[in-house]
Amino acid sequence: MISLKRIYYYLPKTIQNYINTMASNVSNNTEEDFINNDNYGKLYDLKKKDREIIIRRIRYCLSKIPSATNLNVQLHLIKNILELPNNEKNFIVECGAFKGASSVALSIAAKITERKLIIYDSFEGLPDNESGPSHKREYPHLKIKGHYESGMYCGSLEEVEKNLKNFGEYDHCIIRKGFYENSLINHSEKIDLLFLDVDLLSSTKDCLKYLWKHIIDNGYIFTDDSCDLKVVRIWFDKEWWSNNLNQDPPGYIGSGCGINLDKEFSSLGYTIKNPNLENLSEIDWLKN
Ligand SMILES: C[S@@+](CC[C@H](N)C(=O)[O-])C[C@H]1O[C@@H](n2cnc3c(N)ncnc32)[C@H](O)[C@@H]1O
């Protein structure tokens, strides 16, 4: 075992990442924690058996369709949805579906918590706003770079509907097609939890511009672009927030490397709208 570990550390990063992904298919702490911790879904009377079924459904979906989010990311989103209150119920919103893998996971949690999931996507892939080599993306923490092309991550409306019917909870979904600059303008529903997986800065800005005002106070906004500094910067951009939303930027937890889900990085980060700071605990290394 020790010599195997030594070999691992000599391998290129890409191969290490591949091995990590494969290993997480065999043993996964996040998964074990989700199955065995009875606090997950307590509000909705979820039992260990129910949580095992959720994992099995997600794994099955991930084995059948391409996904830009992994099991850990999807489970983390589900955990957060299961924390939503059982009395006042609003909507869960996802921007960025691709083939619908994350939508499947969110729809399962939407059903359990008796909410609707609204899915926004062009269903034509990425727009051409930040397309081509002149729009470089840098992920310094991962030591990688590249660029997007328009049409990348395309999943058609029919494909996503089919995948939701086959693997998820289609009846709990409302699907809205179009590029965000048009499709989000008329959004009116109150949002309990927002998941953005839209890759581009321009798309992130459109989502924030039209959806932020609908998110409840203390509501979580997750994004799957935590390692892309170009996108993450918006969460700290005083001028943009002042001009567009008339408030200070909320900041972003997980900037550059994501929250602690996988070994060295995760794609997921978040912010909280007007967080309720009264729930924070005191600690001995800070004066109170
Ligand atoms: C990385 S994929 C989403 C991956 C998906 N969440 C998953 O788990 O597989 C990004 C998605 O965002 C959508 N998208 C990005 N910018 C958009 C825009 N401005 N308007 C509409 N859709 C957009 C693309 O069509 C694509 O489906």
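**Entry 1: strand β1 and its partners**

I began with strand β2 (residues 117-121), which runs parallel to β1 and is joined to it by 4 bridges. I kept in mind throughout that I was looking at a predicted model. Within this pair of strands, I found that E94 has I119 in β2 as its bridge partner.

I then turned to strand β6 (residues 191-196), which pairs with β1 in the parallel sense over 5 bridges, and there I noted that F91 stands opposite I191.

Next I asked how covered β1 (residues 91-95) is, and I noted that 5 of its 5 residues are buried. In a regular strand the side chains alternate between the two faces of the sheet, and I therefore looked up each side of β1 separately: F91, V93 and C95 lie on one side, I92 and E94 lie on the other, and all of them are buried.

**Entry 2: helix α6**

I moved on to α6, which has 12 residues and reaches 18 Å from its first C-alpha to its last, close to the 16 Å expected at 1.5 Å a residue. The helix is mostly covered, since 11 of its 12 residues are buried; among them are S102, L106, A109 and I112.

I chose L106 for a closer look, as its place is in helix α6. Why does L106 count as buried? I found 29 other C-beta atoms within 10 Å of L106, and the cut-off for buried is 20 or more. Leaving out residues up to four places away in sequence, L106 touches L77, I92, E94, L117 and F195. I also looked up a pair distant in sequence: L106 and I272 are 166 residues apart along the chain, and their C-alpha atoms are separated by 19 Å.

**Entry 3: the nonpolar core**

Which residues touch the most other members of the largest nonpolar core? In this core of 57 residues, I found that they are A109 and L194. The largest share of the core, 8 residues, comes from α6. For L194, setting aside its neighbours within four places in sequence, I listed contacts with V93, L211, I215 and I221.

**Entry 4: around the ligand**

I then looked at the ligand, which is surrounded by 23 residues, the closest being T69, G96, F98, S102 and S203. Both α6 (101-112) and α9 (201-211) supply at least two residues of this shell. When I sorted the shell by residue type, I obtained 11 nonpolar, 8 polar and 4 charged residues.

**Entry 5: positive phi angles**

Most residues other than glycine have a negative phi, and with that in mind I looked for exceptions. One of them is E114, just after α6, which takes a positive phi of about 55 degrees.

Another is Y153, which is not a glycine and yet has a positive phi of about 60 degrees; I located Y153 in the loop between β4 (144-146) and α7 (157-167). N246, also not a glycine, has a positive phi of about 55 degrees, and I located N246 in the loop between α11 (238-245) and β8 (269-272).

Are Y153 and N246 buried or exposed? Y153 counts as buried because it has 20 C-beta neighbours inside 10 Å, and 20 is where the buried class begins. N246 counts as exposed because it has 8 such neighbours inside 10 Å, where the exposed class takes 12 or fewer.

Notes:
Residues are numbered from 1 along each chain as its sequence is written. This is a predicted model: local features need pLDDT of at least 70, side-chain atom pairs count only at pLDDT 80 or more; totals for chains, interfaces and linings use all residues. A residue is near a molecule or strand if its C-beta atom, placed from the backbone, lies within 6 Å of it. Ala, Val, Leu, Ile, Met, Phe, Trp, Tyr, Cys and Pro count as nonpolar, Asp, Glu, Lys and Arg as charged, and the others, Gly among them, as polar. The expected span of a helix is 1.5 Å times one less than its number of residues. A nonpolar core is a set of buried Ala, Val, Leu, Ile, Met, Phe, Trp, Tyr and Cys residues joined through C-beta atoms within 7 Å. Two residues are in contact if their C-beta atoms, placed from the backbone, lie within 7 Å. Two strands pair if DSSP finds at least two bridges between them.
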